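User: I am new to this structure and would like to understand one part of it well. Please pick out the metal site, say what holds it in place in the chain, and follow it into its surroundings.

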Amino acid sequence: MTLPADSHVHSEWSWDTGGPHSHAVGRMRATCAQAVRIGLPALFFTEHLDIPDTWHAEPEDLMPHQQGFLNDAGRVDFAPLDADGYFDAIDRMRHDFPDLRIHTGVEFGQPHLFGAQATEIIDLSLIDRVLGSLHTLDLGGGAAEPRTLFREHDPAVVMRAYLEQVPVMVQGSDAFEVFTHIDYAVRSWPTEAVGPFDPRVFEEEFRAAMRSIAESGRALEMNTRRLWSWIPQWWAEEGGATVSIGSDAHTPDAIAANFPEATAMLEHFGFGPGSVAEELWARSRPL
Ligand SMILES: [Zn+2]
Ligand SMILES: [Zn+2]
């Protein structure tokens, strides 16, 4: 079977890889080469569209190569996406890898809060796929990532606040078409402190968040970094019609990670491919 497009890929043009002046330079090219090697027909380079200096963190919350982004105020600060540089790089890759279909994209963080700032960074109408991500939220002490908030608050409170923010983001922005990694807070769940994450404890909240995304007509991302069968199951049951499939690769070796398992799972829950690899997968039969 033909692999679907990887619809969530980062390169040196994303600040969190280190950025376009870091050790990450060359990752876009290496990612294209890897895609050709494994037979991936198409991908979207969905670079981070985040607004600098808008959330706080502790050094331990950041990977070693990101710690230089922490400013004196304890906030994460970096050069915003270089749209011109990114578009130039995409053009070069399209020229150098004619057999790979290369599409533009951004992963827009907190689009409901930063619509105006984003338009100063990049013209979203030029972008093939806009992902919407909820990476940070404010529980009263300023915005932070879940991994930071889990240390500052009761983890269950953080998880519920995160999921309650999903409909707020959905209703607060038309800029994105796919809601990414709804399990984002699950990735940093403090298992050592409170035990393994049990999705059933938060089932109602997850379902309500999914319902809001489905009712807005948007797609939910099947983030293949971690495969949870309850995500496509609850998404289908709450009326979700389409899914986007993305690895969230930040390194070339991680593109299309777990795609065979992810697509098998999606087919099990009634989703199937369109006529081209770039198309969102749609519900082809009822549950
Ligand atoms: Zn993300
Ligand atoms: Zn990402």
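Analyst: A donor is an N, O or S atom within 2.8 Å of the metal (3.2 Å for Na, K and Ca), and water is not among the atoms, so sites may look incomplete. This is a predicted model, in which local features need pLDDT of at least 70 and side-chain atom pairs pLDDT 80 or more, while totals for chains, interfaces and linings use all residues. Residues count from 1 along each chain as written, chains are lettered from A and ligands numbered from 1 in written order, and side-chain values use heavy atoms, without hydrogens or water.

Let us begin with the zinc ion (ligand 1). Three residues coordinate it: Glu 107 through OE, His 135 through NE2 and His 181 through NE2, at 2.0 to 2.2 Å. If you follow these donor residues along the sequence, their spacing reads E-x27-H-x45-H. Glu 107 and His 135 link distant parts of the chain, being 28 residues apart. Glu 107 sits in strand β3 (residues 101-109), and His 135 lies in the loop between β4 (129-133) and β5 (137-138). Helices (H or I, at least four residues) and strands (E, at least two) are DSSP runs, numbered from the N terminus.

What lies beside this ion? The zinc ion (ligand 2) is 3.4 Å from the zinc ion (ligand 1), and Glu 107 coordinates both. So when you look at Glu 107 in the model, you are looking at a residue shared by the two ions.

The zinc ion (ligand 2) has its own set of partners. His 8 and His 10 each coordinate it through NE2, Glu 107 through OE and Asp 248 through OD, at 2.0 to 2.2 Å. The spacing of these donor residues in sequence is H-x1-H-x96-E-x140-D.

Are these donors buried or exposed? His 8 counts as buried because its relative accessibility is 0% (buried is under 20% relative accessible area, exposed over 50%, partly exposed in between, with a 1.4 Å probe and protein chains only). His 10 is also at 0% and therefore counts as buried. The shared residue, Glu 107, has 1% relative accessibility, so Glu 107 counts as buried too. For His 135 the value is 7%, which likewise makes His 135 a buried residue.

Now step along the chain from His 181, a donor to the zinc ion (ligand 1), to Ile 182. Leaving aside neighbours within four places in sequence, Ile 182 is in contact (heavy atoms within 4.5 Å) with Tyr 162, Leu 163, Phe 206, Ala 209, Met 210, Ile 213, Leu 220 and Ile 231.

One of those partners, Ile 231, takes us to helix α9 (residues 230-237), a mostly covered helix with six of its eight residues buried. Which ones are they? The buried residues of α9 are Trp 230, Ile 231, Pro 232, Trp 234, Trp 235 and Ala 236. Several elements lie over them: the cover includes the helices α8 (203-215) and α10 (259-268), together with the strands β8 (219-223), β9 (242-246), β10 (271-272) and β11 (281-283). After α9 comes Gly 239, which has a positive phi near 95°.

To recap, keep Glu 107 in view as the residue that coordinates both zinc ions. From there you can trace His 135 and His 181 at the zinc ion (ligand 1), and His 8, His 10 and Asp 248 at the zinc ion (ligand 2).
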